[in-house]
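Here's a quick walk through one protein model, written for someone who'd rather poke at coordinates than read prose. Have a look at the structure first, then carry on below.

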Amino acid sequence: MNQLTNPTLILGGGFTGLFTALHLSHQKYSQPIILIDQKERFAFQPLLYEFFSEEMDANQVCPRYEELLEGSNVTFVQDRVETIDLHQRQVGLASGLNYTYNYLVLALGSVVNYFGIEGARENSHPFRTGGDAIALEKHLRNCLQRASQTTDAEERRRLLTVAFMGAGSSGVEMAATLSDLLPNWYGELGGDPQDIRIVLLEQMPELLRGDINNDVRDTARESLEQRGVELRFEHTVTGVYPDRIEFKHNDQVDAIPTTTVIWTAGVSTHPLIRALPIPEEYCDRLGRIQVTPTLQLPSFPEVFAGGDCAAEMVNCLPPLAQVAYQEGAAIASNLKAISQGKQPNPAQVKLRGSLLKLGLNESAANLFNQFEVTGKAGHLIRQATYLKLLPTPIHNFKATTEWLIDEIFQRHSGSGSLVSSGAAKGQS
């Protein structure tokens, strides 16, 4: 670049990357800032279910980066990162552009992990972006339309069966959402809503095993069972095909006929992160970079990392939006300090509980591991919490205003107390 000062490059526009950029802009950071992401829009992943169900619209959940960064001193480049040279401080893009950086922020996130299972990548649907949500809705509506017109009973059953692989938070939230949506969609086409079948397959013996939402596991299971979701534990998927999903259970191989498999089985470290020249002792078992308490790479202090890319050496935190958001703020604060000749400070990241969507207008909120709030009240807490994290005050205010008008004046007109629709459980 023909600049007197090389820029601070931010690779990845997820929570860590975007909020690093926004905080730097708000702090009047003196160096050039460039945010690079291959997509046009930011995806507020915890609210993708609301986007899918049309509880919220695309501009609220998946706003354009150019809109979010308007009026800031951040330059947005839509491109794909292809190479990262930590020794030469250079980043190469798919377009052929090359940047030499002064400071680098690694926030590339993670990628879907298909575990090498045959056909999984080609024949299943991930759910991580706005594009994934749009593609899945189109596919499901097409299946329902075909099911409403076919006279072949076996084909109809296959079209109306949705199988999930993975019973972590994403699988539970999406299964609950679809169990509310699909019967209505099919009923509108003249079909019998009772014909919808949703199956959740999990290799572990229970829901949410090792997940931050483990404390609300019983609530989640009860909610899914009430919605008729079939829960199949200790099932190992062995293949995904256009017309079925195959699995092994109790040493027996079996299959479920279906045209829809939704992949919520987990993620893996981004290939560009795995390819970095980082000694093994500075990577965790998942291949994530281990960073210092100030979120810097031990061997490359001019490089910061956060979100799904990184694991702290001392305090290992789960890859959550609330963690990535706070890490973005901490990285920005430390970059600002360094630019002023000051020492960076350890990141202070605090977990504030967990939030789990359990269908339309219902959620479970575990607050500070002390109280569980469910139902409508849990839904309102979850929405309010995430709306506070929406990027930029203007966007936050607009989204909050639109949602509150819809939530209060349309959905609850004539109803009783909102709090009475949920249950609060003390956990001493």
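## The three-stranded sheet

In this predicted model, three strands make up an open sheet with antiparallel pairing, in the order E4-E5-E6. Strand E4 (81-85) and strand E6 (98-100) sit at the edges with a single partner strand each, so one side of each has no neighbour in the sheet. Going from one strand to the next, the twist averages 15 degrees.

If you want to zoom in on a pairing here, try strand E5 (residues 90-93) with E6: the two run antiparallel and are joined over three bridges. Within that pairing, Val91 stands opposite Tyr99 in E6.

## The six-stranded sheet

There's also an open sheet of six strands, this one with mixed pairing, and its order reads E3-E2-E1-E7-E19-E18. Strand E3 (74-78) and strand E18 (296-297) are the edge strands, each pairing on one side only. Further in, strand E1 (residues 8-11) pairs with strand E2 (residues 33-37) in the parallel sense, over four bridges. Across that pairing, Ile10 stands opposite Leu35 in E2.

Which strands does H11 touch as it packs on the sheet? The helix is in touch with E1, strand E7 (103-106), E18 and strand E19 (300-305). As for orientation, the direction of H11 makes about 155 degrees with that of E19.

## The cavity

How many cavities of 30 Å³ or more turn up? The count comes to one, and the volume of this largest cavity is about 90 Å³. Its lining has 15 residues, and the ones nearest the centre are Gly307, Ala310, Leu317, Val323 and Glu327. Two elements, strand E20 (310-312) and helix H11 (321-339), give two or more residues to that lining.

E20 gives the most, with three residues. So H11 comes up twice in this tour: the helix packs on the six-stranded sheet and also helps line the cavity. Sorted by class, the lining has 10 nonpolar, two polar and three charged residues.

## Around Glu155

Glu155 lies in helix H7 (residues 153-159). Set aside the neighbours within four places in sequence, and Glu155 is in contact with Arg146 and Thr150.

What about partners further along the chain? Glu155 and Pro257 are 102 residues apart in sequence, yet their C-alpha atoms are 8.9 Å apart in space.

## How far to trust it

The mean pLDDT of the chain is 89, with 90% of residues at 70 or more. Over residues 408-428, though, the pLDDT is below 50. That stretch still has 36 contacts in the model beyond near neighbours in sequence. Where pLDDT is low, predicted coordinates shouldn't be read in detail.

How values were computed
Residues numbered from 1 in each chain as written. Predicted model: local features only at pLDDT ≥ 70, side-chain atom pairs only at ≥ 80, totals over all residues. Heavy atoms only, no water. 1 Å grid on protein atoms, 1.4 Å probe; cavity = no way out; pocket = protein on both sides within 12 Å on 5 of 7 lines; lining within 4 Å. Points joined across faces, edges and corners; volume = space filled by probe spheres on them. Nonpolar A, V, L, I, M, F, W, Y, C, P; charged D, E, K, R; others polar. pLDDT = per-residue confidence, 0-100. Contact = heavy atoms within 4.5 Å. Pairing = 2+ DSSP bridges. Axes fitted to C-alpha atoms, helices over the stretch in contact; angles between N-to-C directions.
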